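This report describes the helical framework of a single chain and the space enclosed within it. The structure is shown below.

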Amino acid sequence: MAISKYSKYLESRKNIAGCACGLAGLALTFTGLAGEYWPAVVAGLYGAGALIVPPERPAPPDFPTPAAQLDEVRADFGKLGAYLAEVDLPPAAAGRLTELTDLLAALLDPGWSAELLAQDPEGVHTLSRAVRRDIPEAVDGFVRTRWWTRMTPGSEPPERHLERQLTLLREEGERLAAALRETEARRQESHTRYLEDRGHPG
């Protein structure tokens with residue numbers, strides 16, 4: 001570990017700059033300008049050169065971009081669709097689930113929405129959470145609770161919770177779609193102002 005750090009320092013910009021200044025000190029020594037204190041001059045110039053160079057900046061972690069994350073969410077949405085196709089839901093809940101998945105499919109489409117979402121990490125997170133956690137948990141919770149409800153007649157129907165959960169998730173998706181639309185509207189308005197200003201200079 002220590003050898004690795006030493007090797008990195010030898011190749012660093014600080015060491016290179018220090019060596020360059022140290023060589024300048026040796027040049028002064030050979031011309032007689034450094035005098036008998038030439039070791040201190042060379043060491044001082046080396047230290048000065050090493051200090052004036054900013055430290056090496058480590059490269060930040062190479063995390064997936066929002067666009068790459070969106071590709072992963074799109075693939076997981078396909079897996080979610082296969083899972084949902086095997087679940088038997090009451091008509092009302094099934095209708096709300098279809099509305100929700102249609103909205104998510106539109107948001108995840110590789111077209112215009114993907115371009116906007118690639119610049120919106122929070123939007124990607126919202127879709128990821130819905131696809132990977134919220135919808136599977138809502139549906140699986142319904143399936144498990146329905147089994148127990150059949151053993152205890154008279155309890156609250158579990159589909160009511162499922163319908164409410166799917167409604168809330170659809171509303172969340174609609175807010176995301178509205179935010180994306182607002183982004184496009186602002187872009188269009190900005191271009192209009194730009195053209196107006198260009199047509200009336202100064």
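A residue is called buried when its relative accessible area is under 20%. Leu104, with a relative accessible area of 3%, is therefore buried. The coordinates discussed here belong to a predicted model.

**Overall architecture and confidence**

The chain contains 8 helices and 0 strands, and its elements follow the order α-α-α-α-α-α-α-α from the N terminus. Of its 202 residues, 29% are buried. Among contacts between residues at least 6 apart in sequence, 75% link residues at least 24 apart.

The average pLDDT of the chain is 80, and 67% of the residues score at least 70. Confidence is lowest in helix H1 (residues 2–10), where the mean is 53, and highest in H5, where it is 95. Where pLDDT is low, the predicted coordinates should not be interpreted in detail.

**The cavity**

How many cavities of 30 Å³ or more does a search of the whole structure find? The search returns 1 such cavity, and the volume of the largest cavity is about 40 Å³. Its lining consists of Leu100, Leu104, Thr126, Ala130, Leu169, Glu172 and Gly173. By class, these lining residues comprise 4 nonpolar, 2 polar and 1 charged.

Three helices each contribute at least two residues to the lining of the largest cavity, as listed here.

| Helix | Residue range |
|---|---|
| H5 | 91–108 |
| H7 | 121–151 |
| H8 | 158–199 |

The largest share of this lining, 3 residues, is supplied by H8.

**Helix H8**

H8 has 42 residues, and the distance from its first C-alpha to its last is 62 Å, close to the 62 Å expected at 1.5 Å a residue. Its buried residues include Leu162, Leu166, Leu176 and Leu180. Leu169, Glu172 and Gly173 are also among the buried residues of H8, and these three residues appear in the lining of the largest cavity.

**Leu104 and its surroundings**

Leu104 lies in helix H5 and is one of the residues lining the largest cavity. Which residues are in contact with Leu104, leaving aside its neighbours within four places in sequence? They are Phe77, Leu127, Val131 and Ile135. Leu104 and Glu174 are separated by 70 residues in sequence, while their C-alpha atoms are 9.3 Å apart in space.

Leu104 thus combines burial, at a relative accessible area of 3%, with a place in the lining of the largest cavity.

Note on methods: Residues numbered from 1 in each chain as written. Predicted model: local features only at pLDDT ≥ 70, side-chain atom pairs only at ≥ 80, totals over all residues. Heavy atoms only, no water. 1 Å grid on protein atoms, 1.4 Å probe; cavity = no way out; pocket = protein on both sides within 12 Å on 5 of 7 lines; lining within 4 Å. Points joined across faces, edges and corners; volume = space filled by probe spheres on them. Helix = DSSP H or I, 4+ residues; strand = E, 2+ residues; numbered from the N terminus. Nonpolar A, V, L, I, M, F, W, Y, C, P; charged D, E, K, R; others polar. Expected span 1.5 Å × (residues − 1). Buried < 20%, exposed > 50% of the residue type's maximum accessible area, 1.4 Å probe, protein only. pLDDT = per-residue confidence, 0-100. Contact = heavy atoms within 4.5 Å.
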